[in-house]
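I am opening a fresh notebook page for this chain. My plan is to go from the whole fold down to single residues.

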Amino acid sequence: MYDEANCDSGGLCSDSLNTEDSSTSNLSQGSGINSNVSKRANERKSHADSSSRKRKREVHKQEDNAGERKRQETERAYLPREIISMILSRALDREPRCALDLLVPDWHICTRQTPALEEVLENTRVVTYTRGAAEGEQGTLSCNHRHHDDDHILLPMKELDERLLKIDKWCYNEAMRAYFQDSVQAFQLTADDHLPGLADESYLANWRYAYPIRGQRAQSILPYDDEHLEMAKLQTPLGAPHVFSLLRHIVVHSPLELLNVDARSALRRDTGVSDAALDTLNTAFDLDRASHLYLSWSQMPMLESVLLDLRVYSTDLNTDRGCISKKDIISRAQEMGRWLRLNLLVIAGLQSYSFFEIKYEDITAEQVENEDGLDGEPNWIKLFAPALRPGGKLVLVDRLLDDGISFGPTDLPVTP
């Protein structure tokens, strides 16, 4: 029922006003809540935007770093391998050494305590023949009884560096190649402590192929024409070719102390081997003392420098036991001439001790190029000269006496 008393002059009831006031109040409160919610939402959005921008900056930074690394790697990748190879090779370089010191270190030619006295006594002789630079051109000949600092015949030396070998496989392969190809490789005759078939004397069936003092390292790397069976040889890191096909500079040293070694002393223990078997093994020792003459020169076409220690030829041991004959040396010199074109050939001991009498001071280059013999002995210069390239050098180094020579360990470079 309509109540006029509760209505104002405008015809509106007070309940309606109260309801409107309440609604307005509720709307006002709702507006405040919505405002707070909106504010918090804006804050969250702002924070999210900030975090997003931060993440984007980090991503961009990582991308920049990755790009920089990729750029550096690309620059390294495009550095010519020839340059990297040259850097690796030079990193292996060591001080060059004189050929005479490498070949006969127990003669101490480069480190004589009294060089002036040595020159006066003429105990050491170094004969150098240089082949003519052009075909048909006469060479030159010199003879010295001294060896001063300016007389050194320097050869390149390298040493493997473990750090370089660990960089990566390519660097390992390249460092090994440079080491074998560009550095002198030194080999030394030595009496190996273990000989296959020794206990049961089965080696007697093929005693000529026992090779008791050739040395394990030489046998594992160098090819020989007198090898009975095809022996496995060290290969390059890439698997082919054999290391011996890379060699440019080799030296084979036969220590003077090895002259005192025979089968029994080399074994250094009571093996139970019979005396007859030891005598047979001694013969194998003797035949092996000049084994480096039988290197397979045809398989080493890269050779530029060859240094051979043949001092056993001039010793009483050779006279008594017949380790190496003139005929053998002449034959192998001719074989070298067929295959080699060397810059340097150094041979020690062909005219030492009782063969020292020849006077090269009275001999001319024309004589050594044309005469087959000199003072009743083979003309070794004429025999070995075909192994030289034009301008190449042949050096014969000899001594009259070995008095005062130390038979201690030699100072050959350590090589793998």
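Before I place any residue, I need a rule for the elements: helices and strands are DSSP runs, of at least four residues for a helix and at least two for a strand, numbered from the N terminus. I also note that this is a predicted model.

**Entry 1: a residue in H9**

I looked up Thr-280 to start. Thr-280 is found in helix H9, which covers residues 275–288. Is Thr-280 buried or exposed, or does it fall in between? Its relative accessibility is 24%, so I count Thr-280 as partly exposed. I then checked the distance to Trp-207. The two residues are 73 residues apart along the chain, yet their C-alpha atoms are separated by 7.3 Å.

**Entry 2: the whole chain**

I stepped back to the totals. How many helices and strands are in the chain? I find 13 helices and eleven strands. The chain has 416 residues, and buried residues make up 40% of them. I also looked at contacts with a separation of 6 or more. Of these, 76% are between residues 24 or more positions apart.

**Entry 3: the seven-stranded sheet**

Next I traced an open sheet of seven strands. I wrote its order down as S3-S2-S11-S8-S7-S6-S5, and its pairing is mixed. Which strands are at the edges? They are S3 (140–144) and S5 (184–188), each of which pairs on one side only. Neighbouring strands in this sheet are turned by 10 degrees against each other on average, with direction ignored.

I stayed with the edge strand S5. Its partner S6 covers residues 249–253, and the two run parallel, joined by five bridges. I picked out one pair: Phe-187 has Val-252 of S6 as its bridge partner. Why do I call S5 largely enclosed by the rest of the structure? Four of its five residues are buried, so the label holds although S5 is an edge strand.

**Entry 4: two residues around S7**

I moved to strand S7, where Asp-309 lies. Asp-309 has a relative accessible area of 1%, so I mark it as buried. I listed its contacts, leaving aside neighbours within four places in sequence. Val-252, His-253 and Ser-254 are among them, and so are Leu-103, Val-104, His-292 and Ala-348. Val-252 thus turns up twice in my notes: as a contact of Asp-309 and as the bridge partner of Phe-187.

Where is Tyr-313? I found it in the loop between S7 (305–309) and helix H10 (316–321). Tyr-313 counts as buried, because its relative accessibility is 4%. Its contacts, again without neighbours within four places, include Asn-318, Ile-324, Ser-325, Phe-355, Glu-377 and Trp-380. I also compared Tyr-313 with Arg-289. They are 24 residues apart in sequence and 9.3 Å apart in space, C-alpha to C-alpha.

**Entry 5: H2 against H6**

I turned to a pair of helices. Two packed helices are described by the angle and the distance between their axes. For H2 (residues 81–91) and H6 (residues 169–182), the axes come within 9 Å and cross at roughly 60 degrees. The two helices are therefore oblique to each other. H2 passes H6 in a right-handed crossing.

Which residues make the contact? From H2 I noted Arg-81, Ile-84, Ser-85, Leu-88 and Ser-89. From H6 I noted Trp-170, Cys-171, Glu-174, Arg-177, Ala-178 and Asp-182. Sorted by type, the contact residues are five nonpolar, two polar and four charged.

**Entry 6: positive phi**

Last, I looked at backbone angles. Most residues other than glycine have a negative phi. I noted two residues with a positive one. Tyr-353 is not a glycine, yet its phi is about 60 degrees. I placed Tyr-353 in the loop between S8 (342–348) and helix H12 (365–370). At 16% relative accessibility, Tyr-353 counts as buried.

What is the phi of Asp-375? The value is near 50 degrees, and positive, in a residue other than glycine. Asp-375 sits in the loop between S9 (373–374) and S10 (377–378). With a relative accessible area of 63%, Asp-375 is exposed.

Conventions: Residues numbered from 1 in each chain as written. Predicted model: local features only at pLDDT ≥ 70, side-chain atom pairs only at ≥ 80, totals over all residues. Heavy atoms only, no water. Axes fitted to C-alpha atoms, helices over the stretch in contact; angles between N-to-C directions. Parallel < 35°, antiparallel > 145°, perpendicular 65-115°, else oblique. Left-handed = near helix turned anticlockwise from the far one by under 90°. Contact = heavy atoms within 4.5 Å. Nonpolar A, V, L, I, M, F, W, Y, C, P; charged D, E, K, R; others polar. Buried < 20%, exposed > 50% of the residue type's maximum accessible area, 1.4 Å probe, protein only. Pairing = 2+ DSSP bridges.
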